[in-house]
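Colleague: I am new to this structure and would like to go through it by question and answer. Please show it before we start.

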Amino acid sequence: MVKMAANEEKQQGHRPGVYKQKNKGHKHGRHRTKGELERENKGRVPVTTLTKKQRKELKKMDRRHKANQLRRTKKDQVLTEKRRLGSRDGPPHLVAVVSLHANADAAAVTKLLRGEDAGGVVHQEECISGVRDSFGLILPRFKQRFTFLNQSTADMHSLLDVAKVADSLLFVLDSAEGWDNYGDHCLSCLFAQGLPSHALVCQGFSDITVKKRVDFRKALSKITEVRFPDTRLFPLDSDQDATLLLRHLGSQRQRKLGFRSRRSHLLAQHVTFTTNSPVEGTGGGLTDLGTLCVSGYVRGRALHADRLVHISGHGDFQLSQIDAPPDPLPLNLTRPTKAGKGRDVEMQVGDENEAPVRVLMKADPSNRESLRGEAEVDPMDGEQTWPTEQELLEAEEASKIKRVMKVPKGTSDYQATWIVDEDEEENGETDEESSDDDDLMDEAMDGEDEENNSQ
């Protein structure tokens, strides 16, 4: 009996009542949790997830490869442009030597660079026609060629024009003061226009004792840091210094100027003018019209025959054709034989007259740009407001006619301007009378309306 009662109590247990608390279920958004997914998959990865991961990794690698390709292409372009300047395929490196102090001698600098001990070969003594202190220099050791031009600072416009075209500027400083007041003014103008690649040169350090040489160099460096904070100062007293300077000029980074990189430009080295033949029936005299032949190395963008060209100090002109004459400063390098593998590169200078002149491009009259700066006025077009010659003459005559008016005695010019003419007074009285009549008519109309409303 005892055992049966215990089993009955065990079967009954605890039964909840009517008021038992019932909590709301968690709204999980109809998706399983990460833990449930991991427990169900048991380490297995779905195919869709695997392909997405692979695709993402491939995209990441593609972006990395694309960035590397763009970086490599940009680097190759910079190196190609740098190697092209002064090489056989590009124009010679044009260097303008500018003295910034009255005591600095730019001719001594060019004389030292022209020396045979510096490693160069002077191919042309007067590379630019009309300029005595210009010469072409070929460096077989560095496989480069230069054109040096000793530019005077007396003519500021000429200095700025040369600085527009020059690839590098070589500033000659004084060993004690650096530059004087006029040299500082020249630097201000050059900085305002746009300074290309440059180098600083100073002579006279060899005459100073070794103990004081360091102090002089530190003092000069403090002066140059104001204008050129990151530019190296080159002493130029020996042939070894000249070789180091030439190597620096040929390998330094070229600064890009916007107005120069977007246009084609050249420095005229040979200029000839051929007058046109006299036309029959005009007296057979000489005319001022002719053809100007300008020879030089084109830099920047490619030159087009249908575009206009601007000559400094003369204006805009049209081109007839573009020729390719023989290179006046050739750099013909040949590889040495196997037996002389350790020798320097040999240079072969050929005859300039051997190669004929080739015509590269001729101007097309239908596509050539016009020299007309303003549009012609069409007298039949009514929308134009440009005055004719007759209207200008009538306006000029009307301004000369003086109007005479009687004023009281003692009236000044300022007071006379406030006196109204009789004609203007009459016009004003008539206007006032007409306005009064209009007011009377309005009052009469208002009275009639009131009467009608009252009836």
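**Surface patch, strands and salt bridges**

Modeller: Leu266, Val271, Phe273, Leu292, Val294 and Val298 make a nonpolar surface patch of about 470 Å². A patch joins nonpolar side chains (Val, Leu, Ile, Met, Phe, Trp, Tyr) within 5 Å, from residues with over 30% relative accessible area and no salt bridge; areas come from the Shrake-Rupley method with a 1.4 Å probe, and for residues only the protein chains shown count as cover. The elements giving two or more residues to the patch are β9 (270–275) and β10 (290–295). This is a predicted model, in which local features need pLDDT of at least 70, side-chain atom pairs count only at pLDDT 80 or more, and totals for chains, interfaces and linings use all residues. Residues are numbered from 1 along each chain as its sequence is written, and side-chain values use heavy atoms, with hydrogens and water left out.

Colleague: Is Val294 buried, partly exposed or exposed?

Modeller: Val294 lies in strand β10; strands (E, at least two residues) and helices (H or I, at least four) are DSSP runs numbered from the N terminus. Buried means under 20% relative accessible area, exposed over 50%, and partly exposed in between (1.4 Å probe, protein chains only). The relative accessible area of Val294 is 42%, so Val294 is partly exposed.

Colleague: Which residues does His265 touch, not counting residues up to four places away in sequence?

Modeller: His265 is found in strand β8 (residues 264–266) and is buried, with a relative accessible area of 18%. Contact means heavy atoms within 4.5 Å. With residues up to four places away in sequence left out, His265 touches Lys164, Val165, Arg260, Tyr297, Val298, Arg299 and Gly300.

Colleague: How many residues apart in sequence are the parts that Arg299 and Asp167 tie together?

Modeller: Arg299 and Asp167 form a salt bridge, with their closest N and O atoms 3.3 Å apart; the term means a side-chain nitrogen of Lys or Arg within 4 Å of a carboxyl oxygen of Asp or Glu. Arg299 lies in strand β11 (residues 298–300) and Asp167 in the loop between α5 (156–165) and β5 (168–173), so the parts tied together are apart in sequence by 132 residues.

Colleague: Is Asp167 buried or exposed?

Modeller: Its partner Arg299 counts as buried, at 7% relative accessibility. Asp167 has a relative accessible area of 9%, so Asp167 is buried.

Colleague: Where does Glu369 lie?

Modeller: Arg307 and Glu369 form a salt bridge, the closest N and O atoms being 3.7 Å apart. Arg307 lies in the loop between β11 and β12 (308–311), while Glu369 lies in the loop between β17 (358–362) and α10 (389–400).

Colleague: In β17, what is the bridge partner of Gln321?

Modeller: Strand β14 (residues 321–324) is joined to β17 by four bridges, and the two run antiparallel; strands pair if DSSP finds at least two bridges between them. In β17, Gln321 has as its bridge partner Lys362.

Colleague: How far apart are the end C-alpha atoms of α10?

Modeller: The expected span of a helix is 1.5 Å times one less than its number of residues. For the twelve residues of α10 this gives 16 Å, which agrees with the end C-alpha atoms being apart by 17 Å.

Colleague: What is the count of buried residues in α10?

Modeller: β17 is hardly covered, with a count of zero buried residues among its five. α10 is hardly covered too, and among its twelve residues the count of buried residues is zero.

Technical notes:
Patch = residues over 30% accessible without salt bridge, like charges linked within 9 Å, V, L, I, M, F, W, Y side chains within 5 Å.
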